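Got your viewer open? Load the model, colour it any way you like, and follow along.

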Amino acid sequence: MKPIILASASPRRQELLANLGLNFEIKISDVDESLDEQTPPAQQVEQLAERKARAVAAQLTQGLVIGADTLVTLNNQVLGKPKDRREAIEMIKQLQGRSHEVYTGLAVIDAATDKAVITHQATAVRFKSLTMEQIERYVDTGEPYDKAGAYAVQGKASVFIDSIRGCYFNVVGLPVAKLADVLKVFGVEII
Ligand SMILES: Cc1cn([C@H]2C[C@H](O)[C@@H](COP(=O)(O)OP(=O)(O)OP(=O)(O)O)O2)c(=O)[nH]c1=O
């Protein structure tokens with residue numbers, strides 16, 4: 001079987017891939033994450049997932065390289081990772097009491113042939129209504145800081161979730177069922 005390389009520093013992505021029982025290595029390469037803000041979110045996450053995977057594939061002669069990128073959108077506005085407490089509070093304030101979309105881009109590249117499959121998935125997440133006190137207490141747990149949209153569905157923000165439509169794992173950062181479909185194209189079968 002071809003070696004599998006995860007081009008991600010995200011512990012969540014590492015855990016989700018490990019859950020599949022696959023052997024894989026982690027290799028990270030710095031990429032320029034700047035984008036044209038006019039680009040629709042689905043294309044943004046695909047472009048960044050591809051950049052992350054390509055940067056690692058370029059250093060290898062073989063192996064399947066997996067890259068991913070996650071962002072949150074609310075009424076077509078992109079919410080990235082919050083820079084500070086104020087921004088994190090602002091993001092949760094906007095998300096509470098309504099529904100938003102989480103996009104994850106996924107790129108799998110065969111380093112030997114350069115064959116690439118690039119795709120994305122969207123999941124709709126609805127938050128309960130929250131008080132300002134709850135929002136501040138949540139932000140002060142420190143959980144929001146390295147997460148798109150300033151929350152972790154798999155963490156303490158789980159108590160804020162009213163409903164999810166679509167793939168839960170996509171929100172955490174890796175659309176696992178879609179990944180299995182893509183890996184199959186490269187001859188890797190999970191089950
Ligand atoms: C919305 C949401 C995002 N996130 C995380 C997933 C991603 O790790 C992060 C979005 O940032 P990304 O830029 O997609 O990824 P990353 O910087 O963590 O890792 P790398 O670029 O090396 O692959 O937000 C959660 O863990 N839970 C959530 O509920």
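Here is a tour that goes from the whole chain to single residues.

**Before you click**

This is a predicted model, so to speak with filters on: local features need pLDDT of at least 70, side-chain atom pairs count only at pLDDT 80 or more, and totals for chains, interfaces and linings use all residues. Residue numbers start from 1 along each chain as its sequence is written.

**The whole chain**

Start with a cartoon view. You should find six helices and seven strands, where helices (H or I, at least four residues) and strands (E, at least two) are DSSP runs numbered from the N terminus. Walking along the sequence, the pattern reads β-α-β-α-β-β-α-β-β-α-β-α-α.

Now zoom out. The C-alpha trace spans about 50 × 35 × 25 Å along its principal axes. The radius of gyration is 17 Å, which agrees with the value near 16 Å for a compact globule of 191 residues; it is taken over C-alpha atoms, and the globule rule is 2.2 Å times the number of residues to the power 0.38.

Try colouring by burial next. Buried residues make up 38% of the 191 residues. A residue is buried if 20 or more other C-beta atoms lie within 10 Å of its own, exposed if 12 or fewer, and partly exposed in between, with C-beta atoms placed from the backbone. As for contacts (C-beta atoms, placed from the backbone, within 7 Å), take those with a separation of 6 or more: 70% of them join residues 24 or more positions apart.

**Stop 1: around the ligand**

Select the ligand and its shell, meaning residues whose C-beta atom, placed from the backbone, lies within 6 Å of it. There are 23 residues around the ligand, and Ser8, Ala9, Ser10, Val153 and Gly173 come nearest. Which elements each supply at least two residues of the shell? Helix H1 (11–18), strand S3 (64–74) and helix H5 (168–172) do, and S3 has the largest share, with four residues.

Colour the shell by residue type and you get eleven nonpolar, six polar and six charged. In this scheme Ala, Val, Leu, Ile, Met, Phe, Trp, Tyr, Cys and Pro count as nonpolar, Asp, Glu, Lys and Arg as charged, and the others, Gly among them, as polar.

**Stop 2: Asp69**

Stay on S3 and select Asp69, which lies in that strand. The unreviewed UniProt entry annotates Asp69 as "active site"; such annotations may be inferred rather than shown by experiment, and UniProt positions are given in the numbering used here, with feature names shortened. Is Asp69 buried or exposed? Asp69 counts as buried because 27 other C-beta atoms sit within 10 Å. Show its contacts beyond four places in sequence: Val45, Leu48, Ala49, Lys52, Thr104 and Gly105.

**Stop 3: Leu174**

Jump to the loop between H5 and helix H6 (176–185), where you'll find Leu174. Leu174 is buried, with 27 other C-beta atoms within 10 Å. Not counting residues up to four places away in sequence, Leu174 touches Arg13, Leu16, Leu17, Ala68, Thr104, Phe169 and Leu179. Put a distance label from Leu174 to Ala9: 13 Å, C-alpha to C-alpha, for 165 residues apart in sequence.

**Stop 4: helices H3 and H4**

Select H3 (residues 85–95) and pick out its buried residues, Ala88, Met91, Ile92 and Leu95. They cover an arc of only 95° around the axis, which puts them on the same side of H3; the arc is that of the directions from the helix axis to the C-beta atoms. The cover over them includes S3, strand S4 (77–79), strand S5 (99–110), strand S6 (116–127) and helix H4 (132–139). Just past H3, look at Gly97, which has a positive phi of about 75°.

Lys93 is in H3 too, but it counts as partly exposed, with 15 C-beta neighbours inside 10 Å.

Over on H4, the buried residues are Ile135, Tyr138 and Val139. They fall within an arc of 95° seen down the axis, so they line one face of the helix. That buried set packs against H3, while Glu133 and Arg137 are exposed on the other side of H4.

**Last stop: Gln59**

Finish in the loop between helix H2 (41–57) and S3, at Gln59. Gln59 is exposed, with 11 other C-beta atoms within 10 Å. Draw one more line, from Gln59 to Glu46: 21 Å, C-alpha to C-alpha, across 13 residues of sequence.

Note on methods:
Two residues are in contact if their C-beta atoms, placed from the backbone, lie within 7 Å.
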